[in-house]
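Take a walk through this model, strand by strand and bond by bond. The route starts at the pairing of strands and ends among the cysteines.

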Amino acid sequence: MKTVEVVLVLLSLLWCYSVSVPSAHGQGRKESKHPGTTSSFISRTGSSVVLPIHGNVYPRGFYHVVLYIGQPPKPYFLDPDTGSDLTWLQCDAPCVRCTKAPHPLYRPSNERVVCKDPICASLHPPGQHKCDIPEQCDYEVEYEDGGSSLGVLVKDNLTLNFIDGIRLSSRLAFGCGYDQLPGASSHPTDGVLGLGRGKSSITSQLHQQGLIRNVIGHCLSSRGGGFLFFGDDVFDPSRIIWTQMSSDYLKYYSPGLAEIVLSGKATGLRNLRVVFDSGSSYTYLSSQAYQFFLDSVMKELSGRQMREALDDWTLPVCFKGEKPFKNMREVAKLFKPIALSFASDSGKTKAAAQFDISPEAYLVISIFQCKIRS
């Protein structure tokens, strides 16, 4: 028979955050026409969209949202990524190289984005935007894990359900990817949902059309799943701790420099540049910060009935107790909360914002087969 041992695993952080992106277009309401909406002229700015998030950190190791694209709208699983701007789908254009996906390849509309379009220009570094083929916009994106997508920009309808009951179909630009290389952390999705700060991101386009305020956020549950939202009327602003995004990293959502706080006490480990990147399943620390955190955990566990599980390869660092853990509540009381404390505005009187991380948010329980008996 098989015997199963439940092992504690140090893993990435599960968290909830929202960010607001300043815009030159202001925050006022405006009338706007959107093809496919339930009304020709409607005032939309200030409403919001909420999308369920599916997946978990362990054992799946990734998340996805479902978007309905095209006419008629068809479902596609997209990896939500605040670390990149461009949304793209694997595309039958035809496809030169495509990875395994949960749905048939997207068939592009006949509307291409032209090279001189500002969205096309935003995908290229300054001075490197060339229009060898004026009638289309070619793109290529590369990711930190070695993955990439090559294709052309098209426009098609994206159908969204707003929280005030309006179902709206908006025409947006995104990538028709006909040549994909999977990265080391590639996931079985139909493409990527780009949520970065650039002009090509879905949220920037929706804001430009007057449909939402330029605010995004997501919450992830330790039990898996969660939700992603666009717009600012999903939550009570008075119950949110706000901190300004740094102007040093215009491409990424970064609150700036942080200090690690352990169990409410300052550690002195500061000046850590933090970037919120939902496209990474795990949370990564610099080698110095990681070793400090790990040493602190080891110190807290000394004298307790816990030992390192060297035979569990689920993640680099695992622990196990004398008996299998039945639930996370049994585990969490053995570990201390941590926090990231973000510096105040250049020494001004404004208090620093603190991002609290409970043990449930950096631990998971893995199911590990320790032995097999006949």
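Strand β7 and strand β12 (residues 191–194) pair in the parallel sense, over four bridges. This is a predicted model. One contact to find is aspartate 79, whose bridge partner in β12 is valine 192. β12 also pairs with β8: two bridges join them, and these strands run antiparallel. Here leucine 89 has glycine 191 of β12 as its bridge partner. β12 is thus parallel to β7 and antiparallel to β8.

Now look at the loops around these strands. Between β6 (62–69) and β7 (74–81) there is a loop that holds proline 72. The peptide bond that joins glutamine 71 to proline 72 is cis, with omega about 0 degrees. Proline 94 sits in the loop between β8 and α1. The bond leading into proline 94 from alanine 93 is cis too, and its omega is near -5 degrees.

Stay in this part of the sequence for the disulfides. A disulfide is a covalent bond between the sulfur atoms of two cysteines. How many disulfides does the model have? The count comes to four, taking a disulfide as a pair of cysteine sulfur atoms within 2.5 Å. Three of them can be followed here, starting with cysteine 95 and cysteine 98. The sulfur atoms of cysteine 95 and cysteine 98 are 1.7 Å apart. The torsion about their S-S bond is about 105 degrees, so this disulfide is right-handed. Cysteine 95 is partly exposed, at 22% relative accessible area. Cysteine 98 is partly exposed as well, at 30%.

Next comes the bond from cysteine 115 to cysteine 131, with an S to S distance of 2.0 Å. Where do its two ends lie? Cysteine 115 is in the loop between β8 (88–90) and α1 (118–121), while cysteine 131 is in the loop between α1 and β9 (138–142). The two positions are 16 residues apart in sequence, so the pair ties together parts on either side of α1. Is the handedness left or right for cysteine 115 and cysteine 131? The torsion about the S-S bond is about -90 degrees, so the disulfide is left-handed. The two ends also differ in exposure. Cysteine 115 has 3% relative accessibility and counts as buried, because the cut-off for buried is under 20%. Cysteine 131, at 37%, is partly exposed.

A further disulfide joins cysteine 120 to cysteine 137, S to S 2.1 Å. Cysteine 120 lies in helix α1 itself, and cysteine 137 in the loop between α1 and β9. They are 17 residues apart in sequence, so this pair ties the helix to that loop. The torsion about the S-S bond is about 95 degrees, so the disulfide is right-handed. Both ends are out of reach of the probe or almost so: cysteine 120 is buried at 1% relative accessible area, and cysteine 137 is buried at 0%. Elsewhere in the sequence, cysteine 318 is buried too, with a relative accessible area of 1%.

What fills the interior? The largest nonpolar core has 62 residues. Within this core, Leu193, Phe230 and Phe335 have the most contacts. Helix α3 (residues 287–301) gives the largest share of this core, five residues. Another core lies apart from it and has 12 residues. Among them are Ile119, Cys120, Val141 and Leu153. Cys120 is therefore a member of this second core as well as a disulfide partner of cysteine 137.

Two residues deserve a look for their backbone angles. Serine 263 is in the loop between β15 (253–262) and β16 (265–266). Its phi is near 55 degrees, a positive value in a residue other than glycine. At 34% relative accessibility, serine 263 is partly exposed. Asparagine 271 is found in the loop between β16 and β17 (272–276). Phi of asparagine 271 is near 60 degrees, again positive in a residue other than glycine. Is asparagine 271 buried or exposed? Asparagine 271 counts as exposed, because its relative accessibility is 56% and the cut-off for exposed is over 50%.

Key: Residues numbered from 1 in each chain as written. Predicted model: local features only at pLDDT ≥ 70, side-chain atom pairs only at ≥ 80, totals over all residues. Heavy atoms only, no water. Buried < 20%, exposed > 50% of the residue type's maximum accessible area, 1.4 Å probe, protein only. Core = buried A, V, L, I, M, F, W, Y, C linked by side-chain atoms within 4.5 Å. Pairing = 2+ DSSP bridges.
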